[in-house]
Amino acid sequence: MRVLVVEDEEKLASLLRRGLRRAGMAVDVARDGDGALTRATSTDYDVILLDVMLPGRDGIELCRMLRERDVWSPTLMLTALGEVDDRVRGLDAGADDYLTKPFSFEELLARIRALTRRPVGPRSAILSVDDLRLDPAARRAWRGEVELALTAREFALFEAFMRRPGEVLSRFDLLEHAWDESYENRSNVIEVYVGYLRDKVDRPFGRNSLETVRGAGYRLRQEEQVIA
Ligand code: CA
């Protein structure tokens, strides 16, 4: 297993390097964002340990840049104790987990094991299907460069489609993902809301992305099937 440690504090960086090597891992260290970017885009690391507090661009910005460059190595952020905001921003930037300093080495190893058990692949914090994009954290959505003004309910329904592009979703699937148990008990609620969505997502752009699949449900059409 090959690990990239991004940490500017000399002492902690060499402590991590020594400990991880003793645990049988190959370890590279980057001391700043630029060094990390160069290494992570040229080597397919199994895990990246990313300190938030770095000189120049911080670990959160760096994480976002890595994901934008299609680097999907499982990433564990190292944050200062009590910095809830850093942890939230880090996860929303595409980090997979975090550990607050000071941490025990045993816990670090356990988290690395847990991270490397997950399948690796694009896990962008932003969902995108053709020219549609949806940011679940910021609760914003776009068609191309145009931001879509969606109500909370329309957003939830749109997110259900964006999470499963190209799949036929039944009315039940959509209700299950976009409505809670207190949903308006109207049999045509999905038809009504899909109609609202089409008025905002498709019609103004002359598009027909939200298809009706007769007798089965609805599908967000995916123009380009990209196999990663
Ligand atoms: Ca640091």
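These notebook entries record what I looked up in a predicted model.

**Entry 1. Domains**

I began with the overall division of the chain. The protein is split into domain 1, covering 2-116, and domain 2, covering 127-220. I noted the spacing of their centres, taken over C-alpha atoms, as 35 Å.

**Entry 2. Calcium site**

I then asked which residues coordinate the calcium ion. Glu7 and Glu9 each do so through OE, Asp8 and Asp51 through OD, and Met53 through O. The distances run from 2.0 to 3.0 Å. Along the chain, I read the spacing of these donors as E-D-E-x41-D-x1-M.

I also looked up the accessibility of two of the ligands. Asp8 has a relative accessibility of 28% and Glu9 a relative accessible area of 38%. Buried would require under 20% and exposed over 50%, so values in between are classed as partly exposed. I therefore entered Asp8 as partly exposed, and Glu9 likewise as partly exposed.

**Entry 3. The four-stranded sheet**

I traced an open sheet of four strands, in the order 6-7-8-9, with antiparallel pairing. Strand 6 (127-129) and strand 9 (146-148) are at the edges; each has a single partner strand, so one side of each lacks a neighbour in the sheet. From one strand to the next, the twist averages 20 degrees.

Within this sheet I examined the pairing of strand 7 (residues 132-135) with strand 8 (residues 140-143), which is antiparallel and has four bridges. I recorded Ala141 in strand 8 as the bridge partner of Leu134.

What packs on this sheet? I found helix 6 (residues 152-163) there, touching strand 6, strand 7, strand 8 and strand 9. The direction of helix 6 makes about 115 degrees with that of strand 7.

**Entry 4. Nonpolar cores**

The largest nonpolar core has 28 residues, and I listed Leu157, Phe158, Phe161 and Ile190 as those touching the most other members. Two or more residues each come from strand 6, strand 7, helix 6, helix 7 (171-178), helix 8 (189-202) and strand 12 (217-220). Which element gives the largest share? I noted helix 6, with seven residues.

I next followed the contacts of Leu157, leaving aside neighbours within four places in sequence. Leu157 is in contact with Leu174, Ala178, Trp179, Ile190, Tyr193, Val194 and Leu197. Another core, of 20 residues, lies apart from the largest one; Ala36, Tyr45, Ile60 and Cys63 are among its members.

**Entry 5. Helix 7**

I checked which residues of helix 7 are buried and recorded Asp173, Leu174, Leu175 and Ala178. The buried residues of helix 7 pack against helix 6, strand 10, helix 8 and strand 12. Two of them, Leu174 and Ala178, I had already entered as contacts of Leu157.

**Entry 6. Strands 10, 11 and 12**

Last, I looked at the pairings of strand 12. Strand 10 (residues 168-169) pairs with strand 12 in the antiparallel sense over two bridges. Strand 11 (residues 210-213) also runs antiparallel to strand 12, joined to it by four bridges.

Which residues stand opposite Arg219 of strand 12? I found Val168 and Glu211.

Strand 11 and strand 12 form a hairpin with three residues between the strands. In this hairpin I noted that Gly215 takes a positive phi near 75 degrees.

Technical notes:
Residues are numbered from 1 along each chain as its sequence is written. This is a predicted model: local features need pLDDT of at least 70, side-chain atom pairs count only at pLDDT 80 or more; totals for chains, interfaces and linings use all residues. Side-chain values use heavy atoms; hydrogens and water are left out. Donors are N, O and S atoms within 2.8 Å of the metal (3.2 Å for Na, K and Ca); water is not among the atoms, so sites may look incomplete. Buried means under 20% relative accessible area, exposed over 50%, partly exposed in between (1.4 Å probe, protein chains only). Two strands pair if DSSP finds at least two bridges between them. Axes are lines fitted to C-alpha atoms, for helices over the stretch in contact, and angles run from 0 to 180 degrees between N-to-C directions. Contact means heavy atoms within 4.5 Å. Domain bounds come from an automatic or database domain assignment. A nonpolar core is a set of buried Ala, Val, Leu, Ile, Met, Phe, Trp, Tyr and Cys residues joined through side-chain atoms within 4.5 Å.
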